[in-house]
Every structure is written in C-alpha cells, then in structure tokens.
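Here is a short report on helix packing, cavities and a pocket. Look at the sequence and structure first.

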Amino acid sequence: MRFFADEHEITSWQCSLAGAADNPTERSALLLRLAWHLRQRDTQQAIELVELARTALEENAIPPHQRAAGLARLDLVMAEAAWLFADLEAAQAYIDSASRSFAALGDGIGQADAHWLHAWVAADRGDHESRDAALRRAAASASHVGDALRSSLALAGLARSSVFSDLAAAQQAWGDRFGGGDVDCEDGLATWIHDYRYLVASKRQDIGTAVAHATHMYESALASGQKRRAITAASNIGFDLTRINDLPSALDWMQRGLELARAAGWPAMVGSCLTEMAETLRKMRRSEQAHALLQEALEAMAALPDSRWVALALNYLGDVELDCGRPQAALASFERLGQRADALAQADLQTIASRGCAQALAHLGRIDQALAAAQQALSLARRQDDAYNAIAALRVLADIHAAHRLPGADAGDSPALAFLQEALDTGRNIDGYAAPADLL
C-alpha cells in the first residue's frame, strides 16, 4: 500500500468504487485504499469506509493472507483516527494489533507504517525517546524491504524532531541529507523536508526563509493528504510573522489553520491554533481575549497534558497573566512550563520558562531570584543561538534594573540602557525583524 496519493487518484478511485458493486474483490481493494488515503483528508469518512471494507474482507472470497493484511491496514486507519481525535490509548491498542498482524505476515511495509504512527502517538504523550526509537524502527523496516520513500520519511521526521533539542547537533547530523539543494521529491516526503528546513530557519531567526519553507510545507501537505501537517504549517507561519510583528498577516494564517482544524474536529490541532492565535492577540494588547482563547485551548487539549502544545499554551498563558497584572498566576504557569520543558528536553521552552519566571518573580519583589532566572534564560538562549529569546531575556534584565535601580559596574552606568541596546543590536541580526515600539 502506497503511503500517499494525490487528489486526482482519490477522485478516480471514488468513481471506480461506484461501478464495482458486482466485483467483490475490486470493491474490497478500493474500500481499503480509500479508507487509508482519506485518513486525514476526511477522517470521519475514512472511519465509515473502514467498516465497509472490514465487512467486504470478511464476507467475500479473499485469499487469507490478503485478508489479514487488509484487516491490519484497517486497524492502522482506526489508530490514526483515534490519534487525531486525541484518544491515545485507543490509538496505541490499534497500533499494537496491527503490528502483531504485520509481524506474523512478514509485512515490512505494514510494520514500518505501524512504527511511524507509534512515533507520533508517543510524541503527543511527551515520550520523545519512544518517538525517536519508533522512527528509527520505521526507517529500518522500510529500508529492509527496499522502500526508500518510507525510510526517508521516517528519517526526515527524526531530523525535524531533533531540532527542538539541539539545533547545532541537528544540523550536523542531518544537514547533508535534508538541509541543502532543491526539494525534488513527491509532495508527501517534501512536506517533512520543508518542515525540517522551516524549523532550522526559524530557530536561526531567518524568518523570510522559514516562512517560505512553511508555505511550501503547507501546499505539499494538502496535496498529499497530510492535513495535520498543513494545519501545523499555517500555525507556524503565523507564529513567525508574529515574531517580526506583522500581526495582521499572522492572524490571517492562523485563521486559515484554525478553520482546517475545526472542520477536521481534531482537539490537538484546534488547541494549537487557538494557542498561537492567543499570542498574536496578546501582542495586539487584547489580553483578555487572548486569555479566553488559551483557556479554550487547554480544555481542547485536556487529553494531551504532556504534549508540546500544552507547554506552549502555558507559556502564552503566563505572559497574558503578566499583562493582566497577575504575577502569582503567571509564576505558576511558567513553573509548570519549566517542568514540562525539562521532561521534553526542549531548549527553547526551558529558555522561555526561565524568562517568564524572572518576570513574575520581579513583580513579586523577589529580585535576586528574578535576576538569576533572567541570566539563566539569556545563557540558554545564547547557547542555542536563539536571538529572539535572547532579546526577551535582555529586556527582562533591563526592566529589573530600571524598576529597582540596581547599581551598574561603575558610578553613573545604566545597566538597563545597556541591556536594551544589546537587545536592539541582537534584533538587527534577525531577518525581517521590526523592533516593537515599547522596546524603542
């Protein structure tokens, strides 16, 4: 079974299904194929087709090996549906059932697909070691049976995931394979290569390049039936446009992603889009509206407490609480974020958690602790060449020194002014960055 199909093929199979009523073998094959390839294009329809395909496979004269492989494939469709609707236990149960069947059949392609889906269920549980191990198994299974596309897909997934932990190490490990040249492959794989390149460019604050890759990712994802990646791409574009303060354009992209997510009904995607939209609204000084969206997002993602999306919502919620003059609530959000960041081993979230705690502690009058947290945030950001979060940490240090009249190295020095100037100088190295008015 191919991993991806385009819209023309889907339409052709749907037309063929209408005329296959008198051919049980062909009808079974078409039902199976459509259920598989509609799993993200139209998840509810895919679930309905699973039941029809299961009945056709069990009631018609299908060879036993083919029947068993088809039923295992239908389990994977149901696993993906359960994952998309945030029922991770059901998703894993279906994956385990499919894996046992594929192993008994000696079906390396099926095993690779089961490992692939297992990886993303593990990711939503916050278990990144299991995610990476599953992606390696998927690549090995696909390579063993000569499926270069599936092997490259799993490795691209591993590459993009590694960027969150250590940008320099990720580039060293994967740059030669996925980092350069034209993306000359089918849309399904191109989606993940552009995703990797987007993350690298975004982490390096090369915003123009990042947005270009995310746009290609969005288009490739829709063309290959990977709606979840398309939603993520739209949200990512909005995120980076927010970083350079192009807030109207950011909202347009976020709305595009949210519409796709709501139409699909997938809790994680709805929650992630609401989360990013809330941050843009906060920067537009619509803090109470942002707070309401974040509460809605956390409710939508209640079944995914260990995911990165929930961690991001805690980040933005902490900032909103600060804007609304509630430092104790902000500190609680940032401390929870710090715990999740350590568990996920994701450097950007660790930096943000330290910066947020510093701000909240300063507002609570705990100045020594605030300075230590802000310096930690700055060190973490610099270690990752993360200019955007370095600016945020420098601004916090400036605010603390200005508000509490802390002394400089020499009489007459202004540490606050020095930190602000360094923040401005850092921003000049970010492509497309426009310094916000309050920094100026």
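## The second largest pocket

Helix 2 (24-37), helix 4 (64-84) and helix 6 each supply at least two residues to the lining of the second largest pocket. Helices (H or I, at least four residues) are DSSP runs numbered from the N terminus. Helix 4 gives the most, with four residues. The pocket has a volume of about 220 Å³.

Its lining consists of Met-1, Ala-29, Leu-32, Arg-33, Gln-66, Ala-69, Gly-70, Arg-73, Phe-102, Asp-107, Ile-109 and Gly-110. By class, six are nonpolar, three polar and three charged. Ala, Val, Leu, Ile, Met, Phe, Trp, Tyr, Cys and Pro count as nonpolar, Asp, Glu, Lys and Arg as charged, and the others, Gly among them, as polar.

## Model and method

This is a predicted model: local features need pLDDT of at least 70, side-chain atom pairs count only at pLDDT 80 or more, and totals for chains, interfaces and linings use all residues. Residues are numbered from 1 along each chain as its sequence is written, and side-chain values use heavy atoms, with hydrogens and water left out.

On a 1 Å grid over the protein atoms alone, a cavity is a set of points where a 1.4 Å probe fits but cannot get out; a pocket is an open set with protein on both sides within 12 Å along at least five of seven lines; lining residues have an atom within 4 Å of a point. Grid points are joined across faces, edges and corners, and a volume is the space filled by probe spheres set on the points.

## Helix 6 against helix 7

The axes (lines fitted to C-alpha atoms over the stretch in contact) of helix 6 (residues 108-124) and helix 7 (residues 128-144) come within 8 Å and cross at roughly 165 degrees, on a scale from 0 to 180 degrees between N-to-C directions. Helix 6 is therefore roughly antiparallel (over 145 degrees) to helix 7. Their crossing is left-handed (near helix turned anticlockwise from the far one by less than a right angle).

Contact means heavy atoms within 4.5 Å. Helix 6 contributes residues including His-115, Trp-116 and Trp-120, and helix 7 residues including Arg-131, Leu-135 and Arg-137. The residues of this contact divide into ten nonpolar, seven polar and two charged.

## Cavities

How many cavities of 30 Å³ or more does a search of the whole structure find? It finds three. The largest has a volume of about 70 Å³. Among its lining residues are Phe-164, Lys-203, Asp-348 and Asp-386.

The second largest cavity has a volume of about 50 Å³. Its lining includes Ala-112, Trp-116, Ala-138 and Arg-150.

Notes:
Parallel < 35°, antiparallel > 145°, perpendicular 65-115°, else oblique.
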